[in-house]
Amino acid sequence: RDLHSFPTRRSSDLDGVPQSTKDSYERVRMTYCYGFFCYDLYTVAADQARLVVEQALRDRFLPFYDGQPVFLDGDDQKHRVKAERYDDLYGPDRRLVKDNWKKLQLRSDREPIVFNGMLKSLLKWARAEGLLGGQRDRMQDHYRVRFRNYTAHSHYYRGTQDDAASEIFHLANLINRLWGAPSDAPVHRRPMVVCWTAKGVTYGPAVWFTPDRAMSADATCAVVLADL
């Protein structure tokens, strides 16, 4: 796959993304490009893409609150915490850690969420604030956490070129969404058929969809436009 076929942000959106996120993403793409000369670099590119997911979320967190997120203590008292870097939030001298402030107040006016600063919490935060959306993308959160942990504590293995391309593609889409690209960008949707019974669900693009043989005649079906 050509290096330049991966999604990039439009020039009008680039100013909002921190340089650290842009640099890490470009390094992942360049590593993938050099996989042409050393196949193991495809594995390196995929691993780095999985790690940059967490970096992008961390880089988005503080600017989203103008560097002053509000946390709640055990008595639901609010405390505004000023920080210049994400790592400063969880330093050993922070009351956030010492006094065990576990809840984060959301700007979206939804109920505060339990937040510990780790990848799973960051994904939950981004969805609660409306930065990430889509049922299909939400299903990827489990694997984002799982594969990130595997990458951080893995043994030797060799991935494929397609694995790396997929990870980079999904990373680019996540970065785009975190910094608001979908808000004014066209979204391509296609007709999908969804059928379900009490026993299970099956779905697929309408152009070739065939109900599963296990589906009963009384299955409920719906045709929807889906963002893939």
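H2 and H6 are oblique to each other, because angles under 35 degrees count as roughly parallel, over 145 as roughly antiparallel, 65 to 115 as roughly perpendicular and the rest as oblique. Their axes, lines fitted to C-alpha atoms over the stretch in contact, with angles from 0 to 180 degrees between N-to-C directions, come within 9 Å and cross at roughly 120 degrees. Helix H6 covers residues 135–152, and helix H2 covers 40–64.

This is a predicted model: local features need pLDDT of at least 70, side-chain atom pairs count only at pLDDT 80 or more, and totals for chains, interfaces and linings use all residues. Residues are numbered from 1 along each chain as its sequence is written, and side-chain values use heavy atoms, leaving out hydrogens and water.

The protein chain has 7 helices and 7 strands, which are DSSP runs numbered from the N terminus (helices are H or I with at least four residues, strands E with at least two). Of its 228 residues, 39% count as buried. Buried means under 20% relative accessible area, exposed over 50% and partly exposed in between, with a 1.4 Å probe and protein chains only.

Here are two residues to look up:

| Residue | Place | Relative accessibility |
|---|---|---|
| Tyr32 | helix H1 | 2%, buried |
| Phe36 | loop between H1 (19–34) and H2 (40–64) | 66%, exposed |

Tyr32 also lies 5.3 Å from Ala45, C-alpha to C-alpha, although the two are 13 residues apart in sequence.
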